[in-house]
Amino acid sequence: MRRFAIFAPLVPAVLMLSACGDTTEAPPADELIEEATDPDTPEGIQLTDAYVRLPAVDGRPGVAYFNVVNNGDSVRNIASVSLVNVGRTEMHRTMQEGGVSSMEPVTEIAIQPGQTVAFEQGGYHVMLFDLDPAIMARTTTDLTVTFDNGDKASFAAPILKPGESPGGLGDSGEMGGMEAMR
């Protein structure tokens with residue numbers, strides 16, 4: 001009983017210190033980050049409406065969706081996309097042929113001046129492989145788009161649970177059928 005009396009005053013302090021970790025939470029699903037705020041974003045480039053969907057089954061790939069707007073006066077080529085706590089990413093395109101949906105990897109995506117390229121269900125998207133357990137639902141992760149000239153644009157993307165809707169976009173979160181939901 002005496003030992004407890006000595007350590008009892010320390011319990012609240014230990015609990016307070018253990019709560020001092022990173023408490024940053026993602027915005028609610030209906031408050032997606034609308035535009036990149038990275039000061040190093042290349043002039044004329046806007047990144048909007050980003051979110052990451054975790055896989056429904058551990059060990060399966062997740063997926064990232066977002067838009068890239070080219071308000072510049074020259075063609076920009078997306079060479080890759082990377083995310084913190086993701087081991088490997090692949091840009092893919094969903095195609096329809098004979099009533100069957102399939103995906104194929106793409107190595108570069110050109111964005112003409114004045115054009116927006118949407119990474120969305122049923123079109124371009126980024127497959128996320130080898131997810132680190134540190135990537136948790138309802139937090140954010142840094143998503144970086146790298147262009148063929150080495151320019152990079154980064155922004156925080158909310159991480160959504162399987163099936164969670166990203167702010168009323170009408171996305172069921174299911175890859176089955178791969179048809180566009182918007």
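Which residue in β6 is the bridge partner of I78? Keep that in mind while you get set up.

**Before you click**

What you have open is a predicted model, in which local features need pLDDT of at least 70 and side-chain atom pairs count only at pLDDT 80 or more, while totals for chains, interfaces and linings use all residues. Residues are numbered from 1 along each chain as its sequence is written, and side-chain values use heavy atoms, with hydrogens and water left out.

**Stop 1: the whole chain, coloured by pLDDT**

Start with confidence: pLDDT is the predictor's own score for each residue, from 0 to 100. The chain has a mean of 78, and 70% of its residues reach 70 or more. Now select residues 1–36: pLDDT is below 50 here, and the stretch has 38 contacts in the model beyond near neighbours in sequence. (A contact means heavy atoms within 4.5 Å.) Select 168–182 next; pLDDT stays under 50 there too, and the model has 36 contacts for these residues beyond four places in sequence.

Switch to cartoon. You should find two helices and 10 strands, in the order α-α-β-β-β-β-β-β-β-β-β-β from the N terminus. These are DSSP runs numbered from the N terminus, with helices being H or I of at least four residues and strands E of at least two. Of the contacts with a separation of 6 or more, 68% are between residues 24 or more positions apart.

**Stop 2: strand β1, residues 45–53**

Seven of the nine residues in β1 are buried. Buried here is under 20% relative accessible area, exposed is over 50%, and partly exposed is in between, using a 1.4 Å probe and protein chains only. Across the chain's 182 residues, 36% are buried.

Add residues 62–70 to the selection. That is β2, antiparallel to β1 and joined to it by seven bridges. Then add 152–160, which is β10: it pairs with β1 in the parallel sense over two bridges. (Two strands pair if DSSP finds at least two bridges between them.) Click V52 to see both pairings: its bridge partner in β2 is A64, and its partner in β10 is I159.

While you're in β1, look at D49, which sits in this strand. Its phi is near 50°, a positive value in a residue other than glycine. D49 is partly exposed, at 31% relative accessible area. For another positive phi, jump to D130 in strand β8 (residues 124–131). Its phi is about 55°, and D130 is not a glycine either. This one is exposed, with a relative accessible area of 56%.

**Stop 3: strand β3, residues 76–83**

Back to the opening question. Show β3 with β6 (residues 109–111), an antiparallel pair joined by three bridges. The partner of I78 in β6 is I109. Now bring in β9 (residues 140–147), which pairs with β3 in the antiparallel sense over five bridges. Here, V81 has V145 as its bridge partner.

**Stop 4: the nonpolar cores**

Show side chains for F66, V68, I78, V81, F119 and L143. In the largest nonpolar core, which has 28 residues, these touch the most other members. A nonpolar core is a set of buried Ala, Val, Leu, Ile, Met, Phe, Trp, Tyr and Cys residues joined through side-chain atoms within 4.5 Å. Centre on F119: leaving aside neighbours within four places in sequence, its contacts include F66, V68, I78, M91, I109 and Y124. Apart from this core lies another, of six residues, with Y51, Y65, M127 and L160 among them.

**Stop 5: the salt bridges**

How many salt bridges does a search of the whole structure find? Three, counting a side-chain nitrogen of Lys or Arg within 4 Å of a carboxyl oxygen of Asp or Glu.

- Select R76 and D151, whose side chains meet at 2.8 Å, N to O. R76 is in β3 and D151 in the loop between β9 and β10, so the pair ties together parts that are 75 residues apart in sequence. R76 counts as buried, at 11% relative accessibility, whereas D151 is partly exposed at 30%.
- Select E104 and R93, at 2.1 Å, N to O. E104 is in β5 (residues 100–105) and R93 in β4 (residues 86–97), so this pair links parts that are 11 residues apart in sequence.
- Finish on E90 and R88, at 2.4 Å, N to O. E90 is partly exposed at 25%, and R88 is partly exposed at 38%.
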